[in-house]
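Let's take a friendly walk through a protein model, going from single residues out to the whole chain. Have a look at the sequence and the structure first, and then read on.

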Amino acid sequence: MIQPISIVEGMIQPKQQFNKIYHSEIATGFGWRLALLIFASGIMNALFMYMGMGSEELMSQMDQVIASKLEWAKIVWSIGAIFGGFLYPIFLMLFFSGLFWFFYKEVGFTSLLNLQLYIIPIFLLENLSRYIIYLSFGIDKTYSPFGFGPLIHQLVNHDFLIYFFSSITFFNIWVIMIQCIALKINTNRSFSKLILIVISTHLFLGLLSAIIATVFEKIQITL
């Protein structure tokens, strides 16, 4: 039985979609959908970089350096941002697939990779929401109303904790739900242990994100 991949159904009705995939012999449409998501991620980064988002620190030096040097820095920064946008979906898929495969080898790395395709649009929607909030209200992604960053900021004034909790968002909960359903259908292991593994994986990703954000906060870019 051949079953075409339906990302929208997987996002909205994951149990139904993953049951179809699990009982099918071949799931078609993975390659071009992944390519489309990678392209969309890169274009999204390019668009918002064009709007000046993410280059605030460079622009703050516009009165201190010659115009040609600033323009060259903006070009390099933009290329890096676009390239990072292309790599973002690939990193997420490999990150989650690799960690899940460590615990659920019986599912198979290829199958785990296929299952992660459904979560990429959710992360892209999260990035899009952060950009829209920034453009509309000037609110940094760290203080997005979709995450716990603003709440933690009211309780403590600690950059690392704020960065960490800002990575825990409504979209993360959505992704966790989809991953738990997908793994449950593909393995007979304990569901409570499965939930713990999935949540721990996301906390680990949030920890990495917080460490990187904290380090970059300390780095001063000079032209």
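## A buried methionine and its surroundings

Met93 counts as buried because its relative accessibility is 3%, and buried means under 20%. Keep in mind as you read that this is a predicted model. You will find Met93 in helix α5. Which residues does Met93 touch, once its neighbours within four places in sequence are set aside? They are Phe30, Leu34, Leu113, Gln116, Leu117 and Ile120. Another residue to look at here is Leu115: 22 residues separate it from Met93 in sequence, and the two C-alpha atoms are 8.7 Å apart in space.

One of the partners of Met93 deserves a visit of its own. Leu117 is in contact with Ile5, Ile7, Phe30, Arg33, Leu34, Leu37 and Met93, again not counting residues up to four places away in sequence.

## The nonpolar core

Leu117 also leads us to the largest nonpolar core, which is made of 40 residues. Together with Phe96, Leu117 has the most contacts inside this core. Several elements each give two or more residues to the core: α1 (7–12), α2 (14–22), α3 (30–50), α5 (67–103), α6 (109–115), α7 (120–137), α10 (170–186) and α11 (191–218). Which of them gives the most? That is α10, with eight residues. As a general point, nonpolar side chains tend to be buried together in soluble globular proteins.

## Where two helices cross

Helix α10 also meets α2. The axes of these two helices come within 9 Å and cross at roughly 35°, and the crossing is right-handed. On the α2 side, the residues taking part are Pro14, Lys15, Phe18, Asn19 and Tyr22, and they meet Met177, Ile178, Ile181, Ala182, Ile185 and Asn186 of α10. Sorted by class, this contact has eight nonpolar, two polar and one charged residues.

## Two more buried residues

Now try finding Asn172 and Thr214 in the structure. Asn172 lies in α10, while Thr214 belongs to α11. Why does Asn172 count as buried? Its relative accessibility is 9%, and the cut-off for buried is under 20%. Thr214 is buried as well, with a relative accessible area of 18%. The C-alpha atom of Thr214 is 9.6 Å from that of Phe164, although their positions lie 50 residues apart along the chain.

Here are the two residues with their contacts, leaving out neighbours up to four places away in sequence.

| Residue | Relative accessibility | Contacts |
|---|---|---|
| Asn172 | 9% | Phe123, Glu126, Ser167 and His202 |
| Thr214 | 18% | Phe160 and Tyr163 |

## Stepping back to the whole protein

How many helices and strands does the protein have? There are 11 helices and two strands. Read from the N terminus, the elements follow the order β-α-α-β-α-α-α-α-α-α-α-α-α.

Of the 223 residues in the protein, 40% are buried. Among contacts with a separation of 6 or more, 67% join residues that are 24 or more positions apart.

How confident is the predictor? The protein has an average pLDDT of 84, and 86% of the residues score at least 70. Among the elements, α10 has the highest mean pLDDT, at 95, and helix α4 (residues 56–59) has the lowest, at 53. So α10 is a good helix to end on: it gives the most residues to the largest nonpolar core, and it makes the right-handed crossing with α2.

Conventions:
Residues are numbered from 1 along each chain as its sequence is written. This is a predicted model: local features need pLDDT of at least 70, side-chain atom pairs count only at pLDDT 80 or more; totals for chains, interfaces and linings use all residues. Side-chain values use heavy atoms; hydrogens and water are left out. A nonpolar core is a set of buried Ala, Val, Leu, Ile, Met, Phe, Trp, Tyr and Cys residues joined through side-chain atoms within 4.5 Å. Buried means under 20% relative accessible area, exposed over 50%, partly exposed in between (1.4 Å probe, protein chains only). Helices (H or I, at least four residues) and strands (E, at least two) are DSSP runs, numbered from the N terminus. Contact means heavy atoms within 4.5 Å. Axes are lines fitted to C-alpha atoms, for helices over the stretch in contact, and angles run from 0 to 180 degrees between N-to-C directions. A crossing is left-handed if the near helix is turned anticlockwise from the far one by less than a right angle, and right-handed if clockwise. Ala, Val, Leu, Ile, Met, Phe, Trp, Tyr, Cys and Pro count as nonpolar, Asp, Glu, Lys and Arg as charged, and the others, Gly among them, as polar. pLDDT is the predictor's confidence in each residue, from 0 to 100.
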